Amino acid sequence: MELIDLHTHSNASDGTFAPAEVVRLAKVGGLKAFALTDHDTVEGLAEAMAAGEKYGVEVIPGVEVSARFPGGSMHILGLGIEYGNGQLGERLAVLQKARAERNPQIIAKLNGLGVKITFEQVEKISGRGQMGRPHIARALMESGYVRSIQEAFDIFLRNDGKAYVPKFRFPPQEAIAMIRDVQGVPVLAHPFTLNLGSAFALKSTLTELEALGLAGIEAIYAEHTPEQEALYLRLARELGLLVTGGSDFHGDNKPELTLGKMRGQERLTYRLVTALKDWRRREYGLHG
Ligand code: AMP
Ligand code: ZN
Ligand code: FE
Ligand code: FE
């Protein structure tokens with residue numbers, strides 16, 4: 001079987017492995033193709049593409065963009081993007097600036113709660129990549145305030161946590177447009193994080209997103225239950241959306257997730273990549 005993984009992170013954002021290392025792990029794991037989809041950045045893609053050539057793994061250039069969605073988190077994956085495009089860079093720079101302003105605010109809030117971690121400490125953890133909450137979570141763990149990254153989120157960092165600070169996000173139509181403008185395939189990541197209570201509510205949201213240009217849904221995902229997976233596959237069929245899937249691999253920042261390994265992975269084969277490529281060719285009139 002030709003296995004794939006269409007959702008992974010490197011240390012260009014909040015994974016712990018360098019882009020070339022993620023490619024090597026994909027090779028070791030027997031994947032034919034995988035997408036590197038760092039949060040709000042394409043900085044890891046050149047290295048990953050080069051490593052893909054070296055190891056003989058097909059690397060699909062991607063990105064994961066958060067969009068505004070009251071009541072839940074909406075993440076849009078852009079797969080097969082022309083990542084060198086300057087306009088994409090400018091739009092991502094807006095999100096990177098929003099992050100850079102938010103991180104010190106989170107740390108200040110933690111300090112106000114008597115939690116003594118410093119910006120310098122978190123900077124050392126994030127290294128060359130852009131800083132995000134998982135790095136702050138790791139600092140909290142290393143300083144002994146929590147036992148795990150998950151506990152750091154549960155107590156302090158998640159959306160209703162004690163040190164949460166909101167961050168600027170583009171509305172869904174702009175997140176989708178910035179991906180389409182660089183010939184990418186926009187896909188709704190891990191639909192359960194929208195926190196919609198019913199299949200009906202999810203279907204109407206998907207219908208709205210499809211009208212804005214959404215092309216696919218990440219039906220197969222490490223943390224989906226069998227019921228969720230079945231629902232997302234059914235909605236994809238009913239709405240004519242592409243199906244994708246991935247592990248959301250983050251290295252040691254999410255130790256429970258393994259590249260290319262997840263429940264439902266037998267459905268995650270190379271024919272989904274072929275469908276993505278066909279869609280891109282049709283939609284954007286591309287050749288080859
Ligand atoms: P940020 O980019 O700083 O907003 O952080 C986003 C990262 O934090 C992503 O990798 C998420 O998977 C992770 N994250 C967000 N919420 C949670 C949560 N409740 N538990 C664990 N990880 C989370
Ligand atoms: Zn992440
Ligand atoms: Fe996500
Ligand atoms: Fe992700």
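A residue counts as buried here when its relative accessible area is under 20%. With that cut-off in hand, welcome to a short tour of this predicted model. Strand E6 (residues 216-221) is a good place to start: six of its six residues are buried, so the strand is largely enclosed by the rest of the structure. From there we move to the metal sites, the cores, two helices and a few backbone details.

**Strand E6 and its neighbours**

- On one side, E6 runs parallel to strand E5 (residues 185-188), and two bridges join them. Leu188 has Ile217 of E6 as its bridge partner.
- To get from E5 to E6, the chain passes through helix H8 (residues 199-211), giving a right-handed β-α-β crossover.
- E6 is also parallel to E7, with five bridges between them. Here Ile220 stands opposite Gly245 of E7.
- A right-handed β-α-β unit is formed by E6, helix H9 (residues 226-239) and E7.

**The zinc site**

- The zinc ion (ligand 2) takes its protein donors from Asp14 (OD), listed twice, His39 (NE2) and His250 (NE2), at 1.9 to 2.5 Å.
- Along the chain, these donors follow the spacing D-x24-H-x210-H.
- Distant parts of the chain are linked here: Asp14 sits in the loop between strand E1 (3-5) and helix H1 (19-28), while His250, 236 residues apart from it, sits in the loop between strand E7 (242-246) and helix H10 (270-284).
- Asp14 has a relative accessible area of 8%, so it is buried. His250 is buried too, at 1% relative accessibility.
- The zinc ion (ligand 2) lies 4.7 Å from the iron ion (ligand 4).

**The iron ions**

- Glu64 (OE), His75 (ND1) and His190 (NE2) coordinate the iron ion (ligand 3) at 2.0 to 2.2 Å.
- The spacing of these donors along the chain is E-x10-H-x114-H.
- Because Glu64 belongs to strand E3 (residues 58-67) and His75 to strand E4 (residues 74-79), the pair ties together parts that are 11 residues apart in sequence.
- Glu64 also bridges the iron ion (ligand 3) and the iron ion (ligand 4), which are 3.4 Å apart.
- Both of these residues are shielded by the cut-off above: Glu64 is buried at a relative accessible area of 1%, and His75 is buried at 14%.

**Nonpolar cores**

- The largest nonpolar core holds 68 residues, and Phe34, Ile76 and Leu206 have the most contacts inside it.
- Beyond its neighbours within four places in sequence, Ile76 is in contact with residues including Val63, Glu64, Ala175, Ile179, Val187, Leu188 and Leu214.
- A second, separate core has 19 residues, among them Leu110, Met131, Ile149 and Val165.
- As a general point, nonpolar side chains tend to be buried together in soluble globular proteins.

**Leu31 in strand E2**

- Leu31 is part of strand E2 (residues 31-36) and is buried, with a relative accessible area of 7%.
- Not counting residues up to four places away in sequence, Leu31 touches Leu3, Ile4, Asp5, Ala26, Val57, Leu259 and Gly260.
- From Leu31 to Glu218 the C-alpha distance is 18 Å, with their positions 187 residues apart in sequence.

**Helices H6 and H10**

- In helix H6 (residues 149-157), the buried residues are Ile149, Glu151, Ala152, Phe153, Phe156 and Leu157. The buried residues of H6 pack against helix H3 (86-112) and helix H5 (133-142).
- H10 has 15 residues and, at 1.5 Å a residue, should span 21 Å; its end C-alpha atoms are 21 Å apart, which agrees.
- The buried residues of H10 are Tyr270, Leu272, Val273, Leu276, Trp279, Arg280 and Tyr284.
- After H10 comes Gly285, with a positive phi near 60°.

**Positive phi outside glycine**

- Most residues other than glycine have a negative phi.
- Asn195 is not a glycine, yet its phi is positive, at about 60°. Asn195 is located in the loop between E5 and H8 and is exposed, at 56% relative accessibility.
- Asp248 likewise has a positive phi of about 60° without being a glycine. Asp248 is in the loop between E7 and H10, but is buried, with a relative accessible area of 3%.

Terms used. Residues are numbered from 1 along each chain as its sequence is written. Chains are lettered from A and ligands numbered from 1 in the order in which they are written. This is a predicted model: local features need pLDDT of at least 70, side-chain atom pairs count only at pLDDT 80 or more; totals for chains, interfaces and linings use all residues. Side-chain values use heavy atoms; hydrogens and water are left out. Donors are N, O and S atoms within 2.8 Å of the metal (3.2 Å for Na, K and Ca); water is not among the atoms, so sites may look incomplete. Helices (H or I, at least four residues) and strands (E, at least two) are DSSP runs, numbered from the N terminus. Buried means under 20% relative accessible area, exposed over 50%, partly exposed in between (1.4 Å probe, protein chains only). Two strands pair if DSSP finds at least two bridges between them. A crossover is right-handed if, with the strands pointing away from the viewer, the path from the first strand over the helix to the second runs clockwise. A nonpolar core is a set of buried Ala, Val, Leu, Ile, Met, Phe, Trp, Tyr and Cys residues joined through side-chain atoms within 4.5 Å. Contact means heavy atoms within 4.5 Å. The expected span of a helix is 1.5 Å times one less than its number of residues.
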